[in-house]
Amino acid sequence: MGTARTAVVLGATGQIGTAAVERLVAAGWDVRAVSRGGGGTWPREWGVRALTADRNDDGALRRVVGTGCDLLVDCVAYGSRHAEQLVGLGGELGAAVVVSTFMVYRGDPDAGGTRYPVPVTEEQPTVVPDDTTYAGGKAALERALWERAPFPVTLLRAGMVHGPGSAIPREWYFVKRALDRRPVRLLAYEGAGICHPTGTRNLAELILRAALRPGRRVLNAGDPRPPTVREMAAAVDAVLGCESEQYLIRGPGAPGLGRTPWSLEHSFVMDVSSAERELGYRPVHDYAGSLPETVARLVDEVGGREWREVFPALSARWGRTAFAYEAEDRAIAAGRAAGQTIVAAGP
């Protein structure tokens, strides 16, 4: 019986890292789970080694890698500095899988950078690497690793990440409305746009497939059959047994008035066929298929408490407008009176 392959997962207690650790362990890998807090709730029988390291500490990173590993999974890499850290590990790594983002893609400048081909392939131009913006920092990370990494590296461009364990669970936008038995959903851009989601279990499966076939590549990582915002809202309602009426706004809406976390004027859809073709990747679920687990976790986490205390990062991002029901009702009434702005539609 051969020795198990070894993997180091950076950001192991985060949303993506947790799923990656679980998938690698299930596939027989010996995993070192690295996080700033060094925690983790891994079952003892998994044999996961929970290690503490600050991602920005070069020495700490080298210590957790130790004498080497077959695979390093970096869920929290950002910017050229982190790329240089990984490059500096040199021959200690057999291969690496690094999580990037779909935000590196550059849109049509004639449309204000918000319009993209449908679907977007990996050949689409990217933004200028600059280490000053999130997208620019991820682009800088990608370029440095692509040009200088002395080991095989797979860069995964994830969409809107979702799944259990998020500190900023976007699904709460619809889950809370369903729990409140809110009878309406306001949806900007008529709820027709698509902002490609990426489930953590799908991303973890792709990480494993890339680990089994090391290479130098960039791949889109997204769920199959990405839904429109209207379909997302209806799918959450279905999980919680809630019925609601959708009101479609013909424009961008406003914070708390139809502008959901996924609202886009122009859809962003990724072509994920390269991952299927090159790695034999098959998704674990589509967006709707992932919701029962995610919704159950959200309901359990909140458990009747004030949601802003449970998800402070989400509260800070949304401010106090996300669930302004009285303002929604006024907007619906005004739209009905005008007969133009808001149009009632079935789910």
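**Aromatic rings in a predicted model**

Visitor: Is Tyr134 buried or exposed?

Guide: Tyr134 is partly exposed, with a relative accessible area of 44%. Buried means under 20%, exposed over 50%, and partly exposed in between (1.4 Å probe, protein chains only). This is a predicted model, where local features need pLDDT of at least 70 and side-chain atom pairs count only at pLDDT 80 or more, while totals for chains, interfaces and linings use all residues. Residues are numbered from 1 along each chain as its sequence is written, and side-chain values use heavy atoms, leaving out hydrogens and water.

Visitor: How many aromatic pairs are there?

Guide: The count is 13. Rings of Phe, Tyr and Trp (its six-membered ring) pair if their centres lie within 6.5 Å; planes under 30 degrees apart are stacked, over 60 edge-to-face, the rest tilted. One of them is Tyr78 with Tyr134, stacked at 5.9 Å centre to centre and 10 degrees between the planes.

Visitor: Which parts does that pair tie together?

Guide: Tyr78 lies in the loop between β4 (71-74) and α3 (79-89) and Tyr134 in helix α4 (residues 134-148), so the pair links parts 56 residues apart in sequence. Helices (H or I, at least four residues) and strands (E, at least two) are DSSP runs, numbered from the N terminus.

Visitor: New topic: which residues form one aromatic cluster?

Guide: Tyr173, Phe174, Trp262, Trp307, Trp318, Phe323 and Tyr325 do. Phe174 is buried at 1% relative accessibility, and Trp262 is buried at 2%.

Visitor: What sits over the ring of Phe323?

Guide: The charged end of Lys176, 5.5 Å from the ring's centre. The rule is NZ of Lys or CZ of Arg within 6 Å of the ring centre and within 35 degrees of the ring normal.
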